[in-house]
Amino acid sequence: MSESLAARFRVFTLNCWGIRYLSKHCRERYEMIVQLLSQEKYDVVLLQEVWSEQDYHFLRSKLTSAQPYSVYFRSGAIGSGLCVFSRYRITDSFLYRYSLNGYPYKLHHGDWFGGKSVGLVILKVQGIIVHVYVTHLHAEYCREKDDYLPHRLLQSWELGQFIRHTGKTADVTILGGDLNMHPNDLGNRLLQCYTGMKDSFVETKKFEGSEGGCTLQAQNCYATVWDCPSFPSGIRIDYVLYKGSRGFPVKCEHLMTTSGTAPGKTIPYSDHEAVCATLSVQKDEGAATGVKREEETNPQLVDILNEARAEVKIGIHGAERIRYSSGRMAVLGFVLLLLEVVMAIIPLVTTTAENSFPKVSFYILGMVAFAVTLVAGILYVFHTIEVKMLQGTEDQMRNTIQALQEQLGE
(Lines give C-alpha, C1' and ligand atoms only; values in the text may rest on other atoms or scores of the structure.)
Protein backbone atom coordinates (compact mmCIF):
# COMPACT_ATOMS: atom_id res chain seq x y z
CA MET A 1 0.00 0.00 0.00
CA SER A 2 1.33 3.45 -0.92
CA GLU A 3 0.83 6.46 1.33
CA SER A 4 1.12 10.10 0.36
CA LEU A 5 0.78 13.27 2.43
CA ALA A 6 -2.79 14.48 2.08
CA ALA A 7 -2.76 17.36 4.57
CA ARG A 8 -0.88 18.91 7.46
CA PHE A 9 -3.12 20.16 10.26
CA ARG A 10 -2.06 22.47 13.10
CA VAL A 11 -4.19 22.43 16.26
CA PHE A 12 -4.05 24.90 19.15
CA THR A 13 -5.83 24.50 22.49
CA LEU A 14 -5.81 26.75 25.56
CA ASN A 15 -7.81 27.24 28.73
CA CYS A 16 -7.96 31.05 28.69
CA TRP A 17 -9.05 31.60 32.33
CA GLY A 18 -11.35 34.34 31.13
CA ILE A 19 -13.61 35.11 34.09
CA ARG A 20 -14.57 38.69 33.29
CA TYR A 21 -13.79 41.16 36.12
CA LEU A 22 -12.29 38.36 38.25
CA SER A 23 -9.41 36.89 36.25
CA LYS A 24 -6.25 38.98 36.42
CA HIS A 25 -5.15 40.94 33.33
CA CYS A 26 -7.98 39.38 31.36
CA ARG A 27 -8.16 41.86 28.47
CA GLU A 28 -4.38 42.15 28.20
CA ARG A 29 -4.03 38.38 28.00
CA TYR A 30 -6.72 38.14 25.30
CA GLU A 31 -4.76 40.68 23.25
CA MET A 32 -1.64 38.54 23.70
CA ILE A 33 -3.57 35.45 22.59
CA VAL A 34 -4.82 37.29 19.50
CA GLN A 35 -1.26 38.31 18.64
CA LEU A 36 -0.04 34.72 18.97
CA LEU A 37 -2.87 33.25 16.88
CA SER A 38 -2.50 35.91 14.18
CA GLN A 39 1.21 35.19 13.85
CA GLU A 40 1.05 31.40 13.88
CA LYS A 41 -2.12 31.02 11.75
CA TYR A 42 -3.20 27.66 13.19
CA ASP A 43 -5.69 25.64 11.21
CA VAL A 44 -8.05 25.24 14.15
CA VAL A 45 -8.07 26.93 17.57
CA LEU A 46 -9.90 25.37 20.53
CA LEU A 47 -10.46 27.68 23.50
CA GLN A 48 -11.98 27.02 26.91
CA GLU A 49 -13.14 29.36 29.69
CA VAL A 50 -14.07 32.19 27.35
CA TRP A 51 -16.98 32.90 29.66
CA SER A 52 -17.97 36.29 28.26
CA GLU A 53 -19.56 36.63 24.81
CA GLN A 54 -18.06 40.12 24.62
CA ASP A 55 -14.59 38.54 24.84
CA TYR A 56 -15.55 36.03 22.15
CA HIS A 57 -16.71 38.84 19.86
CA PHE A 58 -13.43 40.65 20.54
CA LEU A 59 -11.47 37.55 19.53
CA ARG A 60 -13.60 37.00 16.43
CA SER A 61 -13.16 40.60 15.28
CA LYS A 62 -9.37 40.33 15.60
CA LEU A 63 -9.00 36.89 13.98
CA THR A 64 -10.96 37.47 10.78
CA SER A 65 -7.83 37.08 8.64
CA ALA A 66 -6.10 34.22 10.48
CA GLN A 67 -9.16 32.11 11.42
CA PRO A 68 -12.21 33.63 9.71
CA TYR A 69 -14.70 30.93 10.73
CA SER A 70 -15.82 30.47 14.32
CA VAL A 71 -18.56 29.20 16.62
CA TYR A 72 -19.35 29.97 20.26
CA PHE A 73 -21.08 27.22 22.24
CA ARG A 74 -23.73 28.46 24.67
CA SER A 75 -24.72 26.33 27.65
CA GLY A 76 -25.62 26.67 31.33
CA ALA A 77 -26.21 29.83 33.31
CA ILE A 78 -22.95 31.51 32.32
CA GLY A 79 -22.12 29.59 29.15
CA SER A 80 -19.91 26.61 28.38
CA GLY A 81 -16.85 28.79 27.83
CA LEU A 82 -16.08 26.82 24.65
CA CYS A 83 -15.36 28.33 21.25
CA VAL A 84 -13.64 27.27 18.04
CA PHE A 85 -11.83 29.34 15.40
CA SER A 86 -10.90 27.78 12.08
CA ARG A 87 -9.08 28.58 8.83
CA TYR A 88 -11.50 26.26 7.05
CA ARG A 89 -15.22 26.71 6.70
CA ILE A 90 -17.25 25.06 9.46
CA THR A 91 -19.84 22.97 7.65
CA ASP A 92 -21.71 21.88 10.79
CA SER A 93 -21.59 22.23 14.57
CA PHE A 94 -23.29 20.69 17.56
CA LEU A 95 -23.16 20.91 21.37
CA TYR A 96 -23.80 18.14 23.88
CA ARG A 97 -24.16 19.06 27.55
CA TYR A 98 -23.04 16.49 30.12
CA SER A 99 -25.76 14.95 32.30
CA LEU A 100 -23.99 15.77 35.57
CA ASN A 101 -21.62 18.59 36.38
CA GLY A 102 -21.11 19.17 40.09
CA TYR A 103 -23.48 20.68 42.63
CA PRO A 104 -25.28 24.05 42.46
CA TYR A 105 -24.91 24.63 46.21
CA LYS A 106 -21.10 24.45 46.04
CA LEU A 107 -20.82 28.07 44.96
CA HIS A 108 -17.09 28.27 45.72
CA HIS A 109 -16.42 25.77 42.92
CA GLY A 110 -18.98 26.98 40.41
CA ASP A 111 -18.63 24.22 37.80
CA TRP A 112 -22.37 23.56 37.81
CA PHE A 113 -23.17 27.06 36.56
CA GLY A 114 -20.82 26.67 33.60
CA GLY A 115 -22.78 23.90 31.92
CA LYS A 116 -19.76 21.75 31.01
CA SER A 117 -20.19 20.34 27.52
CA VAL A 118 -18.48 19.01 24.41
CA GLY A 119 -18.67 20.97 21.18
CA LEU A 120 -18.31 19.46 17.71
CA VAL A 121 -17.39 21.24 14.49
CA ILE A 122 -17.08 19.50 11.12
CA LEU A 123 -14.51 20.73 8.63
CA LYS A 124 -13.62 19.70 5.09
CA VAL A 125 -9.86 20.05 4.67
CA GLN A 126 -8.61 19.34 1.14
CA GLY A 127 -11.33 16.77 0.64
CA ILE A 128 -10.81 15.18 4.08
CA ILE A 129 -13.73 15.15 6.55
CA VAL A 130 -12.38 16.29 9.92
CA HIS A 131 -14.42 16.13 13.12
CA VAL A 132 -13.01 18.47 15.77
CA TYR A 133 -14.20 18.27 19.37
CA VAL A 134 -13.54 20.78 22.16
CA THR A 135 -14.41 20.14 25.79
CA HIS A 136 -13.77 21.13 29.39
CA LEU A 137 -14.45 18.54 32.08
CA HIS A 138 -15.20 19.07 35.77
CA ALA A 139 -12.25 20.24 37.84
CA GLU A 140 -10.46 18.12 40.43
CA TYR A 141 -10.27 20.22 43.60
CA CYS A 142 -8.80 17.61 45.94
CA ARG A 143 -6.94 14.58 44.64
CA GLU A 144 -6.95 12.74 47.98
CA LYS A 145 -10.73 13.12 48.45
CA ASP A 146 -12.21 13.72 45.03
CA ASP A 147 -15.97 14.20 45.53
CA TYR A 148 -16.42 14.84 41.82
CA LEU A 149 -14.77 11.67 40.50
CA PRO A 150 -18.11 9.95 39.65
CA HIS A 151 -19.24 13.05 37.75
CA ARG A 152 -15.97 13.31 35.83
CA LEU A 153 -16.11 9.59 34.98
CA LEU A 154 -19.66 10.05 33.72
CA GLN A 155 -18.46 12.98 31.59
CA SER A 156 -15.56 10.90 30.22
CA TRP A 157 -17.97 8.10 29.36
CA GLU A 158 -20.47 10.43 27.67
CA LEU A 159 -17.64 12.17 25.82
CA GLY A 160 -16.35 8.83 24.55
CA GLN A 161 -19.83 7.77 23.44
CA PHE A 162 -20.44 11.12 21.75
CA ILE A 163 -17.20 10.81 19.78
CA ARG A 164 -17.84 7.19 18.82
CA HIS A 165 -21.40 7.80 17.62
CA THR A 166 -20.82 11.11 15.82
CA GLY A 167 -17.39 10.30 14.41
CA LYS A 168 -18.29 7.27 12.31
CA THR A 169 -18.30 9.27 9.10
CA ALA A 170 -15.09 11.19 9.88
CA ASP A 171 -11.80 10.58 8.11
CA VAL A 172 -9.91 12.30 10.94
CA THR A 173 -11.05 12.86 14.52
CA ILE A 174 -9.43 15.43 16.83
CA LEU A 175 -10.21 16.24 20.47
CA GLY A 176 -8.69 19.17 22.32
CA GLY A 177 -9.34 20.80 25.64
CA ASP A 178 -8.90 20.83 29.39
CA LEU A 179 -9.78 17.32 30.56
CA ASN A 180 -8.79 18.01 34.19
CA MET A 181 -7.30 14.51 34.35
CA HIS A 182 -3.73 13.25 34.66
CA PRO A 183 -2.49 11.00 31.83
CA ASN A 184 -2.98 7.79 33.81
CA ASP A 185 -6.23 8.74 35.54
CA LEU A 186 -9.10 6.30 35.15
CA GLY A 187 -11.28 8.70 33.15
CA ASN A 188 -8.45 9.42 30.72
CA ARG A 189 -7.67 5.75 30.19
CA LEU A 190 -11.38 5.07 29.67
CA LEU A 191 -11.71 7.85 27.11
CA GLN A 192 -8.66 6.90 25.06
CA CYS A 193 -9.24 3.16 25.18
CA TYR A 194 -12.95 3.43 24.37
CA THR A 195 -12.50 5.82 21.43
CA GLY A 196 -9.13 4.55 20.19
CA MET A 197 -7.74 8.09 20.19
CA LYS A 198 -4.02 8.71 20.67
CA ASP A 199 -2.30 11.21 22.95
CA SER A 200 -0.23 13.61 20.85
CA PHE A 201 2.32 14.03 23.67
CA VAL A 202 2.98 10.29 23.76
CA GLU A 203 2.98 9.82 19.99
CA THR A 204 4.82 12.94 18.81
CA LYS A 205 8.11 12.67 16.95
CA LYS A 206 9.37 16.00 18.30
CA PHE A 207 8.45 17.88 21.48
CA GLU A 208 9.23 21.37 22.67
CA GLY A 209 7.97 23.07 25.81
CA SER A 210 7.52 22.58 29.52
CA GLU A 211 9.01 19.60 31.32
CA GLY A 212 6.83 16.52 30.91
CA GLY A 213 4.38 18.53 28.82
CA CYS A 214 2.88 20.02 31.99
CA THR A 215 0.16 22.54 31.29
CA LEU A 216 -0.52 23.59 34.88
CA GLN A 217 2.71 24.66 36.54
CA ALA A 218 3.55 25.76 40.05
CA GLN A 219 5.70 28.66 38.85
CA ASN A 220 2.86 30.21 36.89
CA CYS A 221 2.18 33.62 38.48
CA TYR A 222 -1.59 33.03 38.31
CA ALA A 223 -1.37 29.72 40.19
CA THR A 224 -1.54 31.49 43.55
CA VAL A 225 -2.54 28.39 45.50
CA TRP A 226 -0.76 25.22 44.44
CA ASP A 227 -2.86 22.32 45.73
CA CYS A 228 -0.80 19.52 44.16
CA PRO A 229 2.20 19.11 46.50
CA SER A 230 2.80 15.63 45.07
CA PHE A 231 3.56 17.20 41.67
CA PRO A 232 6.00 20.06 42.31
CA SER A 233 6.90 20.46 38.62
CA GLY A 234 3.27 20.63 37.51
CA ILE A 235 0.60 18.44 35.96
CA ARG A 236 -0.53 17.69 32.41
CA ILE A 237 -4.29 18.10 32.11
CA ASP A 238 -4.69 19.77 28.69
CA TYR A 239 -4.59 17.49 25.65
CA VAL A 240 -4.77 17.12 21.91
CA LEU A 241 -6.00 13.61 21.07
CA TYR A 242 -6.42 12.33 17.54
CA LYS A 243 -7.45 9.33 15.48
CA GLY A 244 -7.32 8.58 11.78
CA SER A 245 -9.29 6.12 9.70
CA ARG A 246 -8.40 3.20 7.48
CA GLY A 247 -7.90 5.42 4.47
CA PHE A 248 -6.33 8.35 6.32
CA PRO A 249 -3.77 7.40 8.99
CA VAL A 250 -2.62 10.30 11.18
CA LYS A 251 0.72 10.99 12.87
CA CYS A 252 1.85 13.74 15.22
CA GLU A 253 4.93 15.38 13.75
CA HIS A 254 5.48 18.07 16.34
CA LEU A 255 4.03 19.05 19.72
CA MET A 256 4.75 22.23 21.58
CA THR A 257 3.55 23.86 24.79
CA THR A 258 3.99 27.42 25.90
CA SER A 259 6.07 27.79 29.04
CA GLY A 260 6.14 30.72 31.42
CA THR A 261 5.66 34.29 30.30
CA ALA A 262 4.78 35.21 26.73
CA PRO A 263 7.63 36.51 24.51
CA GLY A 264 8.35 40.14 25.36
CA LYS A 265 5.80 40.15 28.19
CA THR A 266 5.93 39.81 31.97
CA ILE A 267 2.82 37.62 32.24
CA PRO A 268 1.78 34.29 30.69
CA TYR A 269 -1.17 33.78 28.35
CA SER A 270 -3.23 32.10 31.09
CA ASP A 271 -2.99 30.04 34.25
CA HIS A 272 -2.71 27.05 31.87
CA GLU A 273 -0.13 26.49 29.16
CA ALA A 274 -1.27 26.20 25.55
CA VAL A 275 -0.81 22.97 23.58
CA CYS A 276 0.04 23.15 19.87
CA ALA A 277 0.09 19.98 17.76
CA THR A 278 1.09 19.53 14.12
CA LEU A 279 -0.64 16.50 12.65
CA SER A 280 0.17 14.95 9.28
CA VAL A 281 -2.65 13.13 7.52
CA GLN A 282 -1.55 10.46 5.06
CA LYS A 283 -3.72 9.10 2.26
CA ASP A 284 -3.61 5.33 1.94
CA GLU A 285 -4.24 4.79 -1.75
CA GLY A 286 -5.00 1.11 -1.31
CA ALA A 287 -7.55 1.54 1.49
CA ALA A 288 -9.18 4.93 0.94
CA THR A 289 -11.83 3.57 -1.39
CA GLY A 290 -12.45 0.38 0.55
CA VAL A 291 -15.09 -0.39 3.13
CA LYS A 292 -14.25 0.85 6.59
CA ARG A 293 -13.28 -1.96 8.91
CA GLU A 294 -14.80 -2.45 12.31
CA GLU A 295 -12.78 -1.27 15.26
CA GLU A 296 -10.78 -3.97 16.97
CA THR A 297 -11.74 -4.88 20.52
CA ASN A 298 -9.17 -3.85 23.11
CA PRO A 299 -9.01 -6.48 25.90
CA GLN A 300 -7.89 -3.78 28.38
CA LEU A 301 -11.18 -1.97 27.93
CA VAL A 302 -13.04 -4.62 29.94
CA ASP A 303 -10.80 -4.09 32.97
CA ILE A 304 -10.99 -0.30 32.65
CA LEU A 305 -14.78 -0.41 32.39
CA ASN A 306 -15.03 -2.66 35.45
CA GLU A 307 -12.86 -0.22 37.39
CA ALA A 308 -14.94 2.75 36.22
CA ARG A 309 -18.16 0.94 37.01
CA ALA A 310 -16.98 0.32 40.58
CA GLU A 311 -16.25 4.04 41.03
CA VAL A 312 -19.65 4.97 39.61
CA LYS A 313 -21.31 2.59 42.09
CA ILE A 314 -19.52 4.36 44.93
CA GLY A 315 -20.91 7.62 43.55
CA ILE A 316 -24.41 6.12 43.47
CA HIS A 317 -24.21 5.08 47.13
CA GLY A 318 -22.96 8.54 48.13
CA ALA A 319 -25.76 10.28 46.19
CA GLU A 320 -28.35 7.94 47.73
CA ARG A 321 -27.15 8.84 51.25
CA ILE A 322 -27.47 12.56 50.56
CA ARG A 323 -30.86 12.02 48.93
CA TYR A 324 -32.09 10.11 52.00
CA SER A 325 -30.88 12.84 54.36
CA SER A 326 -32.49 15.54 52.21
CA GLY A 327 -35.76 13.64 51.99
CA ARG A 328 -35.89 13.10 55.75
CA MET A 329 -35.20 16.80 56.35
CA ALA A 330 -37.92 17.75 53.86
CA VAL A 331 -40.44 15.52 55.68
CA LEU A 332 -39.53 16.99 59.07
CA GLY A 333 -39.84 20.51 57.70
CA PHE A 334 -43.22 19.70 56.17
CA VAL A 335 -44.49 18.20 59.45
CA LEU A 336 -43.38 21.31 61.34
CA LEU A 337 -45.07 23.51 58.74
CA LEU A 338 -48.25 21.44 59.05
CA LEU A 339 -48.23 21.88 62.84
CA GLU A 340 -47.90 25.63 62.31
CA VAL A 341 -50.97 25.60 60.08
CA VAL A 342 -52.97 23.59 62.66
CA MET A 343 -51.96 26.00 65.44
CA ALA A 344 -53.12 28.91 63.29
CA ILE A 345 -56.51 27.28 62.53
CA ILE A 346 -57.41 26.16 66.09
CA PRO A 347 -58.25 29.67 67.42
CA LEU A 348 -60.51 30.23 64.43
CA VAL A 349 -62.72 27.16 65.03
CA THR A 350 -62.89 27.22 68.84
CA THR A 351 -64.41 29.60 71.38
CA THR A 352 -61.29 29.76 73.46
CA ALA A 353 -59.37 32.92 74.05
CA GLU A 354 -57.00 34.20 71.43
CA ASN A 355 -53.82 32.29 70.79
CA SER A 356 -51.29 33.00 73.51
CA PHE A 357 -48.37 31.92 71.33
CA PRO A 358 -46.22 34.98 70.43
CA LYS A 359 -47.02 36.07 66.89
CA VAL A 360 -43.47 37.07 65.99
CA SER A 361 -42.06 33.71 67.08
CA PHE A 362 -44.93 31.96 65.33
CA TYR A 363 -44.18 33.70 62.02
CA ILE A 364 -40.44 33.15 62.28
CA LEU A 365 -40.94 29.45 63.03
CA GLY A 366 -43.28 29.15 60.06
CA MET A 367 -40.78 30.82 57.72
CA VAL A 368 -38.00 28.53 58.94
CA ALA A 369 -40.19 25.45 58.43
CA PHE A 370 -41.10 26.59 54.92
CA ALA A 371 -37.48 27.33 54.01
CA VAL A 372 -36.27 23.96 55.32
CA THR A 373 -38.99 22.14 53.40
CA LEU A 374 -38.28 24.03 50.18
CA VAL A 375 -34.47 23.70 50.26
CA ALA A 376 -34.50 20.07 51.39
CA GLY A 377 -37.11 19.25 48.73
CA ILE A 378 -34.99 20.82 45.98
CA LEU A 379 -31.92 18.90 47.18
CA TYR A 380 -33.92 15.68 47.22
CA VAL A 381 -35.01 16.21 43.60
CA PHE A 382 -31.46 17.16 42.50
CA HIS A 383 -29.84 14.11 44.10
CA THR A 384 -32.62 11.87 42.76
CA ILE A 385 -31.62 13.04 39.28
CA GLU A 386 -27.96 12.44 40.16
CA VAL A 387 -28.72 8.87 41.28
CA LYS A 388 -30.67 8.14 38.10
CA MET A 389 -27.93 9.55 35.83
CA LEU A 390 -25.22 7.52 37.58
CA GLN A 391 -27.38 4.40 37.52
CA GLY A 392 -27.95 4.87 33.79
CA THR A 393 -24.20 5.20 33.23
CA GLU A 394 -23.52 2.07 35.28
CA ASP A 395 -26.11 0.15 33.23
CA GLN A 396 -24.51 1.30 29.97
CA MET A 397 -21.07 0.24 31.17
CA ARG A 398 -22.40 -3.18 32.24
CA ASN A 399 -23.99 -3.74 28.82
CA THR A 400 -20.77 -2.72 27.07
CA ILE A 401 -18.72 -5.08 29.26
CA GLN A 402 -21.03 -7.98 28.41
CA ALA A 403 -20.82 -7.22 24.69
CA LEU A 404 -17.01 -6.97 24.83
CA GLN A 405 -16.73 -10.25 26.71
CA GLU A 406 -18.85 -11.97 24.06
CA GLN A 407 -16.65 -10.55 21.29
CA LEU A 408 -13.46 -11.61 23.04
CA GLY A 409 -14.88 -15.08 23.62
CA GLU A 410 -15.64 -15.67 19.93
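Me: How are two aromatic rings recognised as a pair, and which angles between planes count as stacked, edge-to-face or tilted?

Reply: Rings of Phe, Tyr and Trp (its six-membered ring) form a pair if their centres lie within 6.5 Å; planes under 30 degrees apart are called stacked, those over 60 edge-to-face, and the rest tilted. This model is predicted, so local features need pLDDT of at least 70, side-chain atom pairs count only at pLDDT 80 or more, and totals for chains, interfaces and linings use all residues. Residues are numbered from 1 along each chain as its sequence is written, and side-chain values use heavy atoms, leaving out hydrogens and water.

Me: How many aromatic pairs does this rule give?

Reply: The count is 16 aromatic pairs. In one of them, the ring centres of Tyr56 and Phe85 are 5.8 Å apart with planes at 40°, so this pair is tilted. Tyr56 belongs to helix 2 (residues 53-62) and Phe85 to strand 4 (residues 82-86), so the pair ties together parts 29 residues apart in sequence. Helices (H or I, at least four residues) and strands (E, at least two) are DSSP runs, numbered from the N terminus.

Me: Are Tyr56 and Phe85 buried or exposed?

Reply: Buried means under 20% relative accessible area, exposed over 50%, and partly exposed in between (1.4 Å probe, protein chains only). Both Tyr56 and Phe85 are buried.

Me: Which kind of pair do Tyr96 and Tyr98 form?

Reply: Tyr96 and Tyr98 are edge-to-face, at 6.3 Å centre to centre with 80° between the planes. Tyr96 is partly exposed, at 26% relative accessible area, whereas Tyr98 is buried at 4%. Ring pairs also link Phe94, Tyr96, Tyr98, Tyr133 and Phe162 into a cluster.
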